[in-house]
Amino acid sequence: VGRKILEPFVPFGTELDLWENQCYVSLVGFLFLKSKLNGIPIPFHAVFEEVNVRFYVVRHEDDISKRGVVFIREFVPKPAVTLVPNKIFREHYESLPMKHIWLEQNHQQHIAYSWKKKDWNTFTITSNMISNPLVPGSKEEFFTEHYWGYTQIGHQKTLEYFVNHHPWETYDTLSYQIDVDFEACYGKPFAFLAKHKPDSVFLAEGSGMSLEKSKKI
């Protein structure tokens, strides 16, 4: 992705994080299981999908480099799920009709996420069943090992928070398909993604995660 596309979205105090001198935008789907708020399960909100578009930044603080993500927009199916991240973390959650497929057969995994924004949007992936540990320096490590989140909340003010989770393993991709109206979902600056062939497509095995250590910078 060209830097000029992402620079207007880079929060104060951070800069674009590059892999092999290139910056990237990712379309990511999650299935949240056993979700809790402050350690307490919320009735009818334990399991839900999320689809987001993100890019990658880094913040240099003293001798530490904090590698993080910036979300352009996050879609979830339950209105109550949008309240906490939008209010506390100033994120860009939106509630939409959503569904998913998670099927294992013939030694393969078939996973799809769909959401309705004007029309239905869908992306699917088929992978094998054998997970691979992250390879140091790989593109998969770059995409999954960003543990900080950054949100612009003022002209010279950014909210920083820490996303705690174990390293994720990945699966080799056998096939994929993307049918998404990126302009309708994420705005005109990202319309080009509809004609852009992905540089990387993979399935990752998730883990428990929590949001913590938020502060303003």
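Let me start with a pair of side chains. In this predicted model, the side chains of S114 and T122 are joined by a polar contact of 2.8 Å. S114 belongs to strand β9. Is S114 buried or exposed? Its relative accessible area is 8%, and the cut-off for buried is under 20%, so S114 is buried. Setting aside residues up to four places away in sequence, S114 touches P97, M98 and K99, and also W120, N121 and T122.

Now the strand that holds S114. Strand β9 covers residues 108–117, and 7 of its 10 residues are buried, so the strand is largely enclosed by the rest of the structure. Please find β9 in the picture, as the next few points are about its partners.

One partner is strand β8, residues 98–105. It runs antiparallel to β9, and 8 bridges join the two. If you want one pair of residues to look for, E104 stands opposite Q109 in β9. The two strands form a hairpin, with 2 residues between them.

Another partner is strand β10, residues 119–132. Here too the pairing with β9 is antiparallel, and it runs over 10 bridges. For this pairing, look for Q108, whose bridge partner in β10 is N128. β9 and β10 also form a hairpin, this time with 1 residue between them.

Next, the turns of these two hairpins. Which residue in the turn between β8 and β9 has a positive phi? That is N106, with a phi of about 55°. In the turn between β9 and β10, the residue with a positive phi is K118, at about 70°. Why mention this at all? Most residues other than glycine have a negative phi. N106 is a residue other than glycine, and its phi is positive. K118 is likewise a residue other than glycine with a positive phi.

Are these two turn residues buried or exposed? The cut-off for exposed is over 50%. N106 has a relative accessible area of 65%, so it is exposed. K118 comes out at 71%, so K118 is exposed as well. To place them once more, N106 lies in the loop between β8 and β9, and K118 lies in the loop between β9 and β10.

Let me move to a helix. Helix α2 spans residues 79–88, and T82 is found in it. The relative accessibility of T82 is 10%, which is under 20%, so T82 counts as buried. What does the side chain of T82 reach? It reaches the backbone oxygen of P79, at 2.6 Å. Leaving out neighbours within four places in sequence, T82 is in contact with V76, Y93, E94 and S95.

The last item is another hairpin, made by strands β11 and β12, with 2 residues between them. β11 is residues 148–154, and 6 bridges join it to β12 in an antiparallel arrangement. One bridge to look for starts at W148, whose partner in β12 is F162. How many of the 9 residues of β12 are buried? The count is 7, and β12, residues 157–165, is mostly covered.

To go back to the start: S114 is in β9, its side chain meets that of T122 in a polar contact, and β9 pairs with β8 and with β10. That is what I have.

Key:
Residues are numbered from 1 along each chain as its sequence is written. This is a predicted model: local features need pLDDT of at least 70, side-chain atom pairs count only at pLDDT 80 or more; totals for chains, interfaces and linings use all residues. Side-chain values use heavy atoms; hydrogens and water are left out. Buried means under 20% relative accessible area, exposed over 50%, partly exposed in between (1.4 Å probe, protein chains only). Helices (H or I, at least four residues) and strands (E, at least two) are DSSP runs, numbered from the N terminus. Two strands pair if DSSP finds at least two bridges between them. A polar contact is a pair of N or O atoms within 3.5 Å; within protein, one must be able to donate a hydrogen and the other to accept it, and residues adjacent in sequence count only if both atoms are side-chain atoms. Contact means heavy atoms within 4.5 Å.
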